[in-house]
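Here is a short tour of a few residues worth finding in your viewer. Have the sequence and the structure open side by side as you read.

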Amino acid sequence: MNDELKLLYEIADGLKAEKFIKSYRNFSLNYLNKCSPYLSVLKYLNKKPSLRALSFLLYRLNVQKIYPEIQTQLHLLIKNKLCQKDLI
């Protein structure tokens, strides 16, 4: 599993432990703004999450004012992805 995907699972596990979500499917729908099996498909294909999904996750965490340290990580990850896109 790639590092970006590991980060999403860590966030989802934290949200699950704190009863913000009930499942990974719920996380995909409500925190990534994607279809319910999105996270499972990424794991199966070992793909990295989209820039759009990461941005929406950052937005949701920011609105809820939770996980500021993870928000910082997501911000840097998004920034790096944007810089890589500019190089292509």
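## Q71 and its contacts

Beyond the residues up to four places away in sequence, Q71 touches L58, L61, N62 and I66. Please keep in mind as you look around that this is a predicted model.

You will find Q71 in helix 5, which covers residues 68–87. Is Q71 buried or exposed? Its relative accessible area is 13%, and because buried means under 20%, Q71 counts as buried.

## L15 in helix 1

Now move to helix 1, residues 3–17, where L15 sits. L15 has a relative accessibility of 0%, so this residue counts as buried.

Which residues does L15 contact, once neighbours within four places in sequence are set aside? They are F20, I21, F27, Y31, I66 and Y67. I66 is a handy one to click on: L15 is in contact with I66, and Q71 touches I66 too.

For a sense of distance, try L15 and Q64. In sequence these two are 49 residues apart, while their C-alpha atoms lie 12 Å from each other in space.

## A nonpolar patch at the surface

Finally, turn to the surface. V41, Y44 and L45 together make a nonpolar patch there of about 350 Å².

Of this trio, take V41, which belongs to helix 3 (residues 38–45). V41 counts as partly exposed because its relative accessibility is 41%, between the 20% limit for buried and the 50% limit for exposed.

Notes
Residues are numbered from 1 along each chain as its sequence is written. This is a predicted model: local features need pLDDT of at least 70, side-chain atom pairs count only at pLDDT 80 or more; totals for chains, interfaces and linings use all residues. Side-chain values use heavy atoms; hydrogens and water are left out. Helices (H or I, at least four residues) and strands (E, at least two) are DSSP runs, numbered from the N terminus. Buried means under 20% relative accessible area, exposed over 50%, partly exposed in between (1.4 Å probe, protein chains only). Contact means heavy atoms within 4.5 Å. Patches are made of residues with over 30% relative accessible area and no salt bridge: like charges are joined within 9 Å, nonpolar side chains (Val, Leu, Ile, Met, Phe, Trp, Tyr) within 5 Å. Accessible areas come from the Shrake-Rupley method with a 1.4 Å probe; for residues, only the protein chains shown count as cover. A salt bridge is a side-chain nitrogen of Lys or Arg within 4 Å of a carboxyl oxygen of Asp or Glu.
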